[in-house]
Amino acid sequence: MVSASTTFHRLCVNFFLILFFFLLTLSKNTQIYKTINYLSHIATTTPPNKVTTFITYNNINTMEDIAQFNISKLPKKISIRPFLKKDIDELLHLESLGFPSEERCSRETVEYRIANCPDLCQGLFVKNDDGNTQLIGEIMATKIDSEFITLNTMEIGQHKESSDVIAIHSVVIHPDYQGQNLARLLMTDYIQKMSQQSVGRKITIIVHEHLFKFYEKLGFVKLNENDDVNDPNSDFSKNGVWYNMDKELVDF
Ligand SMILES: CC(C)(COP(=O)(O)OP(=O)(O)OC[C@H]1O[C@@H](n2cnc3c(N)ncnc32)[C@H](O)[C@@H]1OP(=O)(O)O)[C@@H](O)C(=O)NCCC(=O)NCCS
């Protein structure tokens with residue numbers, strides 16, 4: 001026979017266990033709700049291009065993965081979309097904030113890339129309190145017919161649509177917005193889009209040594225020095241040695 005007090009004790013234990021699991025589920029759901037809510041407002045306004053313009057996070061499986069973006073610290077009204085002609089002046093300004101003159105894109109190069117491979121060139125925008133939209137981040141890329149970037153592949157006319165090698169030529173976040181995980185967000189979104197749309201087999205990039213860690217965290221592998229780009233006769237290598245880094249893309 002089980003005494004009344006034992007039964008009462010068991011009931012209490014069961015009650016608190018149920019309450020504990022209920023609260024645990026609720027807190028997780030609140031986190032998931034916040035995340036879904038956040039992701040759903042990062043959508044783009046113009047869908048004219050081949051690559052999907054919505055951020056998707058299929059390769060992010062756990063709350064820990066999502067936590068890397070530190071969502072609560074990100075600016076609220078941000079969106080990512082391919083560049084349009086109307087963005088060119090702002091884009092050139094952003095390039096000038098990100099790179100010294102010998103490393104940055106010319107107006108002609110920007111115009112060429114936006115006209116010929118808009119899907120490979122993505123902008124990160126924020127809507128300010130006054131309602132105006134400001135460009136705060138960029139990725140500019142082309143497809144190239146070699147495994148690694150060369151001085152020639154950066155030139156106007158060198159985008160090779162049929163190639164499966166995506167070359168990122170620049171990644172910039174506006175200085176006022178740096179250190180908030182926005183480059184990571186923009187790059188993760190880019191890698192995801194390029195993978196899901198089977199745009200290419202790999203992404204290649206050239207970097208100076210201080211950015212190895214930044215790209216390694218995104219899954220890039222550090223390779224050799226880039227002899228072509230490190231040409232001593234070119235101003236492009238004036239600010240330090242360039243290294244190749246690659247990221248293989250996976251099909252979903
Ligand atoms: C490099 C750049 C794009 C980073 O932008 P950001 O939004 O500040 O970067 P994030 O906040 O997303 O940083 C993500 C991670 O990379 C690290 N990181 C960012 N910039 C770094 C740098 N310059 N050196 C070393 N690590 C860096 C961050 O510490 C962070 O790691 P953590 O989570 O362990 O702290 C930005 O500094 C920039 O525009 N620089 C000028 C242009 C440039 O050099 N572009 C890259 C070559 S194409």
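Which residue takes a positive phi in the hairpin of β2 and β3? Here are some notes on this predicted model, starting with that hairpin.

1. The answer is glycine 131, with a positive phi near 90°. Five residues lie between the two strands of this hairpin, and its arms, β2 (residues 122-127) and β3, are antiparallel and joined by six bridges. If you would like a residue pair to look at, take valine 126, whose bridge partner in β3 is glutamine 134.

2. Strand β3 also pairs with β4, again in the antiparallel sense, through seven bridges. Glycine 137 is a handy place to check this, as its bridge partner in β4 is isoleucine 173. Do have a look at the surroundings of β3 as well: the strand is mostly covered, with eight of its eleven residues buried.

3. Now to helix α3, which spans residues 88-98 and has Leu91, Leu94 and Glu95 as its buried residues. These three lie on the same side of α3 because the arc they cover around the axis is only 105°. You may want to note that a glutamate, Glu95, is listed there beside the two leucines.

4. What lies over that buried side? Among the elements covering the buried residues of α3 are helix α4 (107-116) and the strands β3 (133-143) and β4 (165-173). The β3 and β4 strands named here are the antiparallel pair from point 2.

5. Finally, turn the helix around: the face of α3 directed away from its buried side carries Asp89, His93 and Leu97, which are exposed. A leucine, Leu97, is thus found on this face, while Leu91 and Leu94 are buried.

Notes:
Residues numbered from 1 in each chain as written. Predicted model: local features only at pLDDT ≥ 70, side-chain atom pairs only at ≥ 80, totals over all residues. Buried ≥ 20, exposed ≤ 12 C-beta atoms within 10 Å, placed from the backbone. Helix = DSSP H or I, 4+ residues; strand = E, 2+ residues; numbered from the N terminus. Arc of directions from axis to C-beta. Contact = placed C-beta atoms within 7 Å. Pairing = 2+ DSSP bridges.
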